[in-house]
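Student: Could you take me closely through one part of this model, starting from a single loop and following what adjoins it? I would like one connected account rather than a list.

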Amino acid sequence: MKPLKPREPTLQKISGKNAVNGVKATNTLGEITEDKPLLSVVGVNVAFAKKGLDALGVTDDLLDPLFKAGQKDDAFALNDKGVGATKEEFKPDWDEAFLQENQEIHGVFLIAGDSFDTVNAKLDEIKNIFTADGTSSIADVATLAGDVRPGENKGHEHFGYMDGISQPALKGVDDVNGKQPLPGQSLIDLGVVLHGRGKDAITGRPEWSKDGSFLAFRKLPQLVPEFDKFLLDAAGNIKSFDDFLDPPTAADILGARMVGRWKSGAPIRVAPLEDDVALANDPQRNNKFRFNPESQEICPFAAHIRKMNPRKDLDKFKGPPDFVDPVDEHLIMRRGIPFGPEVTTEEKLTKTTKYERGLYFVSYQADLSNGFSFLQKSWANNTAFPPLNDPSVVPGFDPIIGQALDEVRAMSGANDDATNDSLPLSRQWVQSKGGEYFFSPSIKALGGVLSG
Ligand code: N7H
């Protein structure tokens, strides 16, 4: 296996005779620099696919059908692109490594560190642990390298938007005197993320799964020059934007209305007319907002962050206080990282992607059918979500991640002057190229039942 290099993702398949096969997703936190960091920081996480647990002889039912069947089995229902009209015939258009035809994925090591040197050193250490007499007991299915974007784009994903602003806080762990640490942040039951805790404690999962969590991994390439071209072209056709704005500003507004935040991260619900960097950088204010369930004038119902966390839109479905909140039970902890190089001048000029880049999406949830898989199928891909009092309004697809099998998508609310107008979305700019569902166990379980 080659050592990882900055901004050069490697994907390789090494066939192994037996034992446990793995995908290694290797991340670096912080910018890559030629200088040696003052302090090396590195962290490792390990998670197992169902087939990996089986290979270890741990066959307890974790009571999640999606985990049991694996992500490839879910690809048809997720509306991933592929060939075949029925679930049985369907073959997703995924990278070979994830198709598992010759080799099953048994688990994943996630390594995060301050530099590629630190990460590579940890990777070698792990390989050594699994090597005896020159023979390794693990085989690499793929090694994936993610990286924080350089310079002023640090923390931004490849379309240019600041990421990692909204994360739920966990009751009993993050709360301050029973309240969320930051204004507007959701404070959720521990059992939404962890097995055997809070509301999950009653589900009857095996004792060793307590404090573990399902990890959903997705490789999501992004067509950045094509996305930028769409914003410019489509914004030019929206009359209220076009009348008094220069094309790049109009494109920025359309993009912000599709995401629900400006590129800085400022929420459009609070700053509807122009970006506000001070607001974006202020954790006391950048999540302090709720949507108006009757209107999409300020933020479209389909905007990515509204689809994924419809703050207040589902209040009419709330039960008594001790019932699980209709939004909170679907919140996830996101831990993704961008991959691939910056857009080149050639790509900008031709408005065409030449080099693969995107997001390695990672989310943690106690139940896949409440977390990632639910969000993708029932909210992002569901044109009727959120449910509205006025049936004549159709929110449409989440313009960022919504998927249609035929790739024909539209959203309403893009035009603040005519919110019922439907905006055709020329294509899907986020693609799905593979993934797997894993279980990330507690340290206690790793040292106990999973060590045999
Ligand atoms: Fe999303 N993007 O750049 O547009 N996401 N996301 N996501 N996402 C968020 O609030 C993005 C993806 C969620 O609590 C922000 O941290 C891109 C998947 C959730 O208000 C931005 C991709 C799923 C939230 C993006 C992608 C989600 C969220 C705002 C794929 C789940 C929090 C920054 C390439 C199925 C919502 C922030 C809240 C926020 C983008 C994928 C879910 C900018 C480009 C697959 C729950």
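Tutor: P386 sits in the loop between α12 and β15 (409-412), and in this predicted model the peptide bond that joins F385 to P386 is cis, with omega about 0 degrees. As background, most peptide bonds are trans, and most residues other than glycine have a negative phi.

The helix at one end of that loop, α12 (372-380), is a useful element to follow from here. Within α12, the buried residues are F372, S373, L375, Q376, W379 and A380, and the buried residues of this helix pack against α2 (65-69), α3 (71-74), β11 (213-221), α10 and β14.

Some of these elements also take part in the ligand site. The shell around the ligand receives at least two residues from each of α10 (304-308), β14 (358-365) and α12. In total, 26 residues surround the ligand, with Y161, I165, S166, M308 and N309 the closest. Sorted by class, that shell consists of 15 nonpolar, seven polar and four charged residues.

Between β14 and α12 runs another loop, and L368 is found there. Is L368 buried or exposed? L368 is buried, because 24 other C-beta atoms lie within 10 Å, and the cut-off for a buried residue is 20 or more. When neighbours within four places in sequence are left aside, the contacts of L368 are D64, L66, F67, F214, A216, S373 and Y437. Of these, F67 is 301 residues away from L368 along the chain, and yet the two C-alpha atoms are separated by 7.2 Å.

Two of the contacts of L368, F214 and Y437, lead on to the largest nonpolar core. That core has 97 residues, and those that touch the most other members are F214, L215, A235, L254, Y437, F438 and F439. Among the elements, α8 gives the most to this core, namely seven residues. For L254, the contacts beyond four places in sequence are L231, A234, A235, I238, F241 and A414.

This brings us to the packing of α6 and α8. Helix α6 (residues 224-236) and helix α8 (residues 247-259) have axes that come within 8 Å and cross at roughly 100 degrees, so α6 is roughly perpendicular to α8. From α6 the contact draws on L231, L232, A234, A235 and G236, and from α8 on P247, A250, A251, I253, L254 and G255. By class, nine of the contact residues are nonpolar and two are polar, with no charged residue.

Returning to backbone geometry, which was the starting point, two further residues deserve attention. L63 has a positive phi of about 60 degrees although it is not a glycine, and its place is in the loop between α1 (50-55) and α2, the latter being one of the elements against which the buried residues of α12 pack. L63 is partly exposed, since 15 other C-beta atoms lie within 10 Å. N177, likewise not a glycine, has a positive phi of about 50 degrees and is located in the loop between β9 (169-170) and β10 (187-188). N177 is exposed, because 4 other C-beta atoms lie within 10 Å, and the cut-off for an exposed residue is 12 or fewer.

Terms used. Residues are numbered from 1 along each chain as its sequence is written. This is a predicted model: local features need pLDDT of at least 70, side-chain atom pairs count only at pLDDT 80 or more; totals for chains, interfaces and linings use all residues. A residue is near a molecule or strand if its C-beta atom, placed from the backbone, lies within 6 Å of it. Helices (H or I, at least four residues) and strands (E, at least two) are DSSP runs, numbered from the N terminus. Ala, Val, Leu, Ile, Met, Phe, Trp, Tyr, Cys and Pro count as nonpolar, Asp, Glu, Lys and Arg as charged, and the others, Gly among them, as polar. Two residues are in contact if their C-beta atoms, placed from the backbone, lie within 7 Å. Axes are lines fitted to C-alpha atoms, for helices over the stretch in contact, and angles run from 0 to 180 degrees between N-to-C directions. Angles under 35 degrees count as roughly parallel, over 145 as roughly antiparallel, 65 to 115 as roughly perpendicular and the rest as oblique. A nonpolar core is a set of buried Ala, Val, Leu, Ile, Met, Phe, Trp, Tyr and Cys residues joined through C-beta atoms within 7 Å.
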